[in-house]
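Please open the model in your viewer and keep the selection tool at hand. The tour below goes from one sheet to the next, with a few selections to make on the way.

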Amino acid sequence: MANTPSSSSPFIREIIAERVSRRSLLKGSLASGALIAGGSFVGSLFAGETHAAAAQSTLGFPELKRVYDKTHAAAEGYETTIVARWGDPLAAGLAEFDGNKVAAEEQEKRFGYNCDYIAFMPLPKGTVNSDHGLLCVNNEYISPNVMFPGMTEGDAGKTMTREQVDLGMAAMGHSIVEVQLKDGKWETVADSPLNRRITANTEMTVSGPVAGHALMKTSADATGTKVLGTSYNCSGGFTPWGTVLTCEEGVSDIFGGDPKRAPIADLLDRYGFDGSDIYGRGRFHDRFNLDKEPNEANRFDWVVEIDPYDPQSRPVKRTALGRMSHEASTVVLNKDGRVVVYMGDDDYFEYMYRFVSAKAYDKANPASGADLLDDGVLSVARFDADGSMTWLPLVHGQGKLTVENGFADQAEVLLKTRFAADALGATPMDRPEDIETNPVTGRVYAVMTKNKKRDQSKVNPANTRPENLWGHIVELIPPGGRGADADHTAENYAWDLFVLCGNPKDAKVGATFHPATSDNGWFVCPDNITFDPTGRLWVATDGANDFDLPDGVYGVDTEGAARGLPKLLFTCPHGAEATGPCFTPDGTTLFLSVQHPAEDAATLDKVQTLWPDFKDGQLPRPSVVAIRRMDGQPVGA
């Protein structure tokens with residue numbers, strides 16, 4: 001690849017050399033004493049020079065050989081169960097699903113499309129039960145080219161009928177379904193009163209500093225405090241008080257009209273609105289037409305809080321968490337009781353964010369979490385070449401966030417989060433995706449999925465490769481100590497590059513996996529991540545198909561001699577990506593979303609798989625899969 005450096009590229013070595021030379025200063029100023037794992041620069045760009053060559057992975061399964069065909073595959077000793085498919089009934093009295101006949105009204109009562117983030121919320125509430133709970137699953141978007149006969153992806157916005165448009169709106173959003181483990185197999189409770197769909201038609205409340213702002217008001221809502229619906233729900237998180245956070249990840253292409261003619265044209269442009277209306281909503285619903293309702297766009301791209309245990313509760317858009325293409329909203333209860341939320345803005349050259357609540361959460365009183373996410377400080381990350389990272393507060397009146405610079409008040413700072421982050425000089429990243437915290441070490445891992453648009457002039461310390469087609473994972477090291485002692489509210493962290501992804505045998509790629517990584521173990525385009533109870537990292541990928549490889553799930557040690565050594569556990573069927581990995585509290589089940597199977601087909605008649613049911617005349621169906629060891633022991637043990 002032209003202009004793509006190897007791990008020994010001079011400009012990268014200059015960056016790292018500067019970091020290494022200043023580490024002694026950081027040890028004192030950050031007081032963590034843990035900048036260099038195991039006393040060496042393990043996992044950095046010089047990983048191949050410092051790793052133990054004969055490392056033994058703690059992952060006990062025999063690694064899966066890459067399989068890319070019409071079905072999925074799991075490592076020997078593991079079994080899989082399809083738990084919930086697109087269209088599965090969530091209410092009593094519904095007929096067996098037929099994707100060729102489903103109507104919009106009925107879809108509101110069926111499991112949604114293109115499943116993504118998963119939260120397992122134990123039943124009863126407040127327990128750590130691992131065999132009975134609620135699966136709370138995002139339904140990010142639809143794939144018209146493999147839903148509707150004869151339709152291509154490019155012409156969907158112009159040719160979808162009103163019924164198809166409304167079906168698409170009903171199929172996106174979020175699904176809540178009760179599940180239980182019986183005889184080693186997970187199954188849904190189809191008529192559970194807790195089952196629920198949250199869609200583009202669900203009424204929601206707007207809370208926090210932006211609620212009631214003039215730019216949130218529309219002809220349908222003169223108060224600016226009530227919104228109809230959510231869309232593009234990608235990653236998410238869950239809270240200590242038993243709610244789920246679902247992230248709206250960039251709704252710019254589901255609006256029609258001409259954004260350049262809107263009174264807020266600059267704001268629409270910064271958030272990517274181009275009037276493309278890829279699902280045709282603007283042709284039938286005025287609120288998705290920027291010529292008629294430009295402010296409707298401002299009512300999306302937030303984090304939405306849902307109480308899955310109360311089917312009558314109204315979801316809440318928490319504006320204090322900022323407005324962006326939200327990817328992840330991982331919640332950490334800090335040692336001082338305050339709540340921290342880590343977030344990424346999944347677009348080219350966008351930023352990483354952190355929210356710290358103003359008040360502490362009282363574990364003895366779960367109700368104390370009710371509005372905790374409405375008051376606090378949102379910050380954006382700046383990475384420096386010396387291995388330090390600074391959280392820059394997005395607070396009105398501080399620095400450049402003033403009236404003179406276009407921010408009238410705190411509400412506008414949050415409504416224009418990207419503009420505010422630009423003004424403070426945050427570090428542009430390679431599409432920040434999931435951000436998760438290791439429950440054992442307290443370190444934070446942030447996924448950069450890829451960035452084909454970065455050229456060498458835009459390389460920075462945390463994003464070291466131009467035309468980054470492979471992605472990488474950044475490791476953040478809060479001060480204060482290990483595990484629960486880590487201070488996630490501190491202004492300054494240390495950081496490192498955990499792995500640079502890609503084929504280690506291709507020198508021009510510059511991948512930095514552990515030297516013992518097998519031909520099946522290396523991966524590209526990390527997307528969603530999670531941790532098992534022992535602190536091992538699990539990576540789900542999105543984009544391996546571009547390299548004629550299956551997307552899948554990989555386990556990776558983060559400590560010890562095998563740090564940075566991945567092993568392949570699961571592969572997806574043709575055209576699908578792996579998303580939303582989620583463990584039960586005891587680690588014996590790994591839930592996973594298999595999203596958009598066969599989506600790479602131009603039209604439905606050209607699909608290469610009818611996964612997971614393989615029924616002639618029916619459609620591919622995005623589904624949630626449960627992965628378990630056949631002997632019932634924890635996954636990866």
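Two strands pair if DSSP finds at least two bridges between them, and the helices (H or I, at least four residues) and strands (E, at least two) are DSSP runs that are numbered from the N terminus. This is a predicted model, in which local features need pLDDT of at least 70 and side-chain atom pairs count only at pLDDT 80 or more, while totals for chains, interfaces and linings use all residues. Residues are numbered from 1 along each chain as its sequence is written, and side-chain values use heavy atoms, with hydrogens and water left out.

Begin by selecting strand β15 (residues 338–345) and strand β16 (residues 352–360), which run antiparallel and are joined by six bridges. Within this pair, look for Tyr 342, whose bridge partner in β16 is Arg 354.

Now widen the selection to the open sheet of nine strands, which has antiparallel pairing and the order β14-β15-β16-β17-β18-β22-β21-β20-β19. At its edges stand β14 (326–333) and β19 (432–437), each with a single partner strand, so one side of each is left without a neighbour in the sheet.

Add helix α10 (residues 417–424), which lies across β15, β16, β17 (376–383) and β18 (388–393) and runs at about 105° to β16. Here axes are lines fitted to C-alpha atoms, for helices over the stretch in contact, and angles run from 0 to 180 degrees between N-to-C directions; contact means heavy atoms within 4.5 Å.

Finally, select the open sheet of five strands, β1-β26-β25-β24-β23 in order, again with antiparallel pairing. In β26, Thr 571 is the bridge partner of Ala 73.
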